[in-house]
Amino acid sequence: MIFWRALQREFAQTAAAVFVALFAILISTVLIRLLGQAAGGRVPADAVMALIGFGALAQLPTVLTLTLFIAILVSLSRSYRDSEMVVWFAAGVPLTAWIRPVLMFALPMVIVIGAGALYLTPWSQLKSAEYRQLLESRDDTHRVAPGVFRESSSAQRVFFVEVGAGEDGRVRNVFVSEQARDGGLVVIVSAEGFLRSDEEGRRYVVLEKGRRYDGRPGTPQYRVMEFERYEVLVEQRQMAGQPSRTRALPTAVLLALDSSSALGELLARFSAPLTALLLALMAIPLSFVNPRAGRANNMLVALLVYLLYSNAISVFQSWVAQGRIGFTLGLVLPHLVVAGVLGLLFYKRLAISPFWRRRS
């Protein structure tokens, strides 16, 4: 009991620290990408936080899998470096005795990873796609930001507002450049502007105290008009349809579909808990540290194992999605290979003289 409690406590403490570090890296990566899109005008600034949340939820099973693998590996490697393993081995505790406490710690996380892969990740992907399409369906007035040139959704207009809307709902120093249908250019500048809606729900941009320039670039023929009030009807965009990406479809819908792409996505979702379980067990033999070698050697090997494993699942997923192999074979084969490698690693650590080192 002392042995199990000590391992459970160390696993939990290490997992908490690893999860915080990995989740911070994930949030930072998603934030940098979305801020770049927001700076380029592809994502509204007020939508960044919501998209960060959806992106973090979608990657949560992967973060938990890495957390489980690294936590067990780091904890057991520390026991090797501090010579605690020597004490346990001298007390008659074999390496296989670590399987039960590792499983007791890993199984709850494996269940959470499986639920996340089957339900949470597709839900977050669906909500993220719906939210992005909702943003794309908004009219051009939502794209205007103070101090930034913004292009309209139809790429026919460019807006610029120097001062954003205050308490009165008015913006100051408005610039609008529009490509005319006959190839000319229309430039409108005004001191103030605001939005209004009529009884039928149509939205208008009302500009006050400004000028309108009509002409064709490269020619001196321009027409200048001054106005006290100028109204422009804002074209309402149609709501985009529901997203149809396979990754965003619920698991129950994928099970009802009879397509290769649906089977490929199901393979990836069903593989998530199996991957986490096998990696947790593989951390036991991989945690061995040779005092004469570098301390980071086993970490490099573990990182290579994880990359090979995850890439192999991605390859089999694409093969199933392309119809090159069957679903059952694609789901079972990579995990069987990893289970075989796991057995060989345990045999190497337990056998006094492995068969590949014996001489005839």
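In this predicted model, valine 171 has its bridge partner in strand E4, where that partner is glycine 193. The bridge belongs to an antiparallel pairing of strand E3 (residues 171-179) with strand E4 (residues 185-197), which extends over eight bridges. E3 and E4 form a hairpin with five residues between them, and within that turn glycine 183 adopts a positive phi of about 95°. On to strand E5, the antiparallel arrangement continues, E4 and E5 being paired over 12 bridges, with isoleucine 188 standing opposite arginine 212 of E5.

Strand E5 covers residues 203-215 and contains glutamate 208; lysine 209 is found in E5 as well. Which of these residues is buried, and which is exposed? Glutamate 208 is buried, with a relative accessible area of 15%, whereas lysine 209 is exposed, with a relative accessible area of 54%. In a regular strand, side chains alternate between the two faces of the sheet. Lysine 209 also has a positive phi of about 60° although it is not a glycine, and most residues other than glycine have a negative phi. The contacts of glutamate 208, once residues up to four places away in sequence are set aside, are Arg170, Ser190, Ala191, Glu192, Phe194, Phe227, Glu228 and Arg229.

The protein as a whole has nine helices and six strands. Of its 360 residues, 39% count as buried, and the protein exposes about 20500 Å², of which carbon and sulfur atoms supply 61%. Among contacts between residues at least 6 apart in sequence, 58% join residues that are at least 24 apart.

The largest nonpolar core contains 44 residues, and within it Leu68, Ile72 and Leu76 touch the most other members. Two or more residues of this core come from each of helix H1 (2-39), helix H3 (60-81), helix H5 (99-137), helix H7 (260-286), helix H8 (297-321) and helix H9 (327-350). The greatest contribution is that of H7, which gives 11 residues. Leucine 68, leaving aside its neighbours within four places in sequence, is in contact with Phe105, Ala106, Met109, Val110, Ala276 and Ala280. A second, separate core has 11 residues, including Phe159, Val171, Val174 and Phe227. Val171 therefore appears in this second core as well as in the bridge to glycine 193, and Phe227 is also among the contacts of glutamate 208.

Helix H8 can be followed in more detail. H8 has 25 residues and reaches 36 Å from its first C-alpha to its last, close to the 36 Å expected at 1.5 Å a residue. Its buried residues include Asn298, Ala302, Tyr306, Tyr309, Ile313, Phe316 and Val320. An α-helix has 3.6 residues a turn, so residues three or four places apart point the same way. The buried residues of H8 pack against H3, H7 and H9, and just after H8 glycine 323 takes a positive phi of about 80°.

A search of the whole structure finds six aromatic pairs, and two of them are set out below.

| Aromatic pair | Geometry | Centre to centre | Angle between planes |
|---|---|---|---|
| Phenylalanine 11 and phenylalanine 105 | tilted | 5.4 Å | 45° |
| Phenylalanine 54 and tryptophan 123 | edge-to-face | 6.3 Å | 70° |Phenylalanine 11 lies in helix H1 and phenylalanine 105 in helix H5, so their pair ties together parts that are 94 residues apart in sequence. Both phenylalanine 11 and phenylalanine 105 are buried, and Phe105 is one of the residues in contact with leucine 68. In the other pair, phenylalanine 54 belongs to helix H2 (residues 48-58) and tryptophan 123 to helix H5, so this pair ties together parts that are 69 residues apart in sequence. Phenylalanine 54 is buried, with a relative accessible area of 18%, while tryptophan 123 is partly exposed, with a relative accessible area of 41%.

Definitions and conventions. Residues numbered from 1 in each chain as written. Heavy atoms only, no water. Core = buried A, V, L, I, M, F, W, Y, C linked by side-chain atoms within 4.5 Å. Buried < 20%, exposed > 50% of the residue type's maximum accessible area, 1.4 Å probe, protein only. Helix = DSSP H or I, 4+ residues; strand = E, 2+ residues; numbered from the N terminus. Contact = heavy atoms within 4.5 Å. Areas by Shrake-Rupley, 256 points an atom, 1.4 Å probe, with all protein chains shown as cover. Phe/Tyr/Trp six-rings, centres within 6.5 Å; stacked < 30°, edge-to-face > 60°. Pairing = 2+ DSSP bridges. Expected span 1.5 Å × (residues − 1).
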